[in-house]
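These notebook entries record what I looked up in one structure. I kept each entry short and in whole sentences.

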Amino acid sequence: MKFLILSAMGLILAAPVIAGDLETAHDNLKQAVQAKDVEAVKKLATEASVLARKAIATPAPAGAEAKAAWTKNVAYAKEVDLYTENALVATALQADPPKLIDLIAALEKQNPKSKFLDQAYGPYFQALEQTENGAKVAPLAEKAILSQPENVDILVIVADSAMAKRQTGRAGIFAEKLIAVLEKKPKPENMNAEDWEARKKSALGHAHYIAGMAHSERQQFALADQDLRAALPLIKDDEQATAASLYHLGVANYSVGVAAGSKARVMEGVKFSEQSAAIKGPFAQPAAANAQRMKGEAARFN
């Protein structure tokens with residue numbers, strides 16, 4: 001019986017001990033962040049998070065007064081745990097590529113669903129490319145998409161990766177998801193409005209392009225036409241992507257036109273094919289040949 005009483009007292013005493021240690025860890029972490037001490041931030045963020053989660057997991061006591069103190073401690077512990085994630089990202093974004101990679105990897109391990117990772121993945125992937133670790137980007141994105149399903153940078157990479165592997169159905173799914181995310185996603189707090197609009201425009205053009213190409217390869221020509229038309233004004237600075245879009249728009253409009261018996265749509269196919277043929281590159285010759293065949297087909301319509 002004495003053993004049970006001592007155990008209960010141990011639980012009562014544990015909360016203030018954890019709270020005191022947590023406050024010290026929190027203060028030390030804030031100092032490390034201000035000093036931009038990468039190693040200290042990584043170490044102290046992990047330690048503070050462990051203490052915070054212990055406090056959060058402490059069972060609620062029975063007494064009203066003790067429960068009120070426990071509630072306050074748990075709320076503080078949640079704030080500290082959130083701060084540790086913010087501290088890792090804030091420090092990472094000011095660090096050189098190798099240190100940035102180390103800190104973001106630490107946060108992925110600590111909490112793969114952290115809201116702060118949303119702003120970190122773009123710089124994280126860029127840092128991997130800069131340190132000749134580009135081969136790791138696609139596998140990391142494939143893993144991260146499970147916990148960050150609406151992250152723009154991740155969606156772009158997994159869509160590209162699927163397209164490169166000729167997994168057109170999967171690429172189209174990710175591209176359509178990216179379009180839906182961009183249509184509702186607010187401006188990130190760490191980005192000004194002009195930069196966000198530029199980023200959004202680039203990602204949206206890329207998403208419509210991949211979705212359109214995926215639909216075209218699957219002979220879903222009406223859907224390909226919609227996405228590729230939407231992509232064109234957004235990818236105009238990418239000459240070869242424009243040529244590819246125009247080529248597939250030619251095929252899509254021709255196919256829709258023939259199926260519907262519409263000379264106007266067939267001639268749309270001719271127009272797009274000729275525009276593609278005018279751009280030097282791998283699509284020029286087949287687009288020109290397509291345009292000639294399409295004109296011949298158009299002559300059969302009244």
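**Entry: Lys 72.** I looked up how open Lys 72 is to its surroundings and found a relative accessibility of 63%. Lys 72 counts as exposed because the cut-off for that word is over 50%. I place Lys 72 in helix 3, which covers residues 64-92. I also checked its separation from Met 213: the two C-alpha atoms lie 55 Å apart, and 141 residues separate the pair in sequence. I note here that the model is predicted.

**Entry: two residues with positive phi.** I looked up Lys 36 and found a positive phi of about 55°, although Lys 36 is not a glycine. Lys 36 sits in the loop between helix 1 (2-35) and helix 2 (38-57). Its relative accessibility is 56%, so Lys 36 counts as exposed.

I then turned to Glu 132, whose phi is also positive, near 60°, in a residue other than glycine. I located Glu 132 in the loop between helix 5 and helix 6. With a relative accessible area of 76%, Glu 132 is exposed.

**Entry: helix 6.** Which residues of helix 6 are buried? Within residues 137-144 I noted Val 137, Ala 141, Glu 142 and Ala 144. Seen down the helix axis, these buried residues fall within an arc of 165°, so they line one face of helix 6. As background, I wrote down that an α-helix has 3.6 residues a turn, so residues three or four places apart point the same way. Against what do the buried residues of helix 6 pack? I found helix 4 (97-110), helix 5 (117-130), helix 7 and helix 8 (168-184).

**Entry: nonpolar cores.** I looked up the largest nonpolar core and found 63 residues in it. Ile 104, Tyr 124, Phe 125, Ile 154 and Tyr 209 touch the most other members. Helix 7, residues 152-164, gives the most to this core, with nine residues. I followed Ile 104 further: leaving out residues up to four places away in sequence, Ile 104 touches Val 89, Ala 92, Leu 117, Ala 120 and Tyr 124. I also recorded a second, separate core of eight residues, which includes Ala 25, Ala 48, Leu 51 and Ala 77.

**Entry: Phe 301 and Glu 297.** Is Phe 301 buried or exposed? Phe 301 has a relative accessible area of 19%, and buried means under 20%, so Phe 301 is buried. I found Phe 301 in the segment after helix 13 (284-298). Its contacts, not counting residues up to four places away in sequence, are Gly 257, Val 258, Gly 261, Ser 262, Lys 263 and Val 266. Of these, I looked at Lys 263 again: the C-alpha atoms of Phe 301 and Lys 263 are separated by 5.9 Å, with their positions 38 residues apart along the chain.

Glu 297 belongs to helix 13. I read a relative accessible area of 18%, so Glu 297 is buried. Apart from neighbours within four places in sequence, Glu 297 is in contact with Tyr 254 and Val 258.

**Entry: the largest pocket.** I looked up how much space lies in the largest pocket and found about 330 Å³. The lining consists of Lys 115, Phe 116, Asp 118, Gln 119, Lys 185, Pro 186, Lys 187, Pro 188, Glu 189 and Asn 190. I sorted these lining residues into three nonpolar, two polar and five charged.

Conventions:
Residues numbered from 1 in each chain as written. Predicted model: local features only at pLDDT ≥ 70, side-chain atom pairs only at ≥ 80, totals over all residues. Heavy atoms only, no water. 1 Å grid on protein atoms, 1.4 Å probe; cavity = no way out; pocket = protein on both sides within 12 Å on 5 of 7 lines; lining within 4 Å. Points joined across faces, edges and corners; volume = space filled by probe spheres on them. Nonpolar A, V, L, I, M, F, W, Y, C, P; charged D, E, K, R; others polar. Core = buried A, V, L, I, M, F, W, Y, C linked by side-chain atoms within 4.5 Å. Buried < 20%, exposed > 50% of the residue type's maximum accessible area, 1.4 Å probe, protein only. Helix = DSSP H or I, 4+ residues; strand = E, 2+ residues; numbered from the N terminus. Contact = heavy atoms within 4.5 Å. Arc of directions from axis to C-beta.
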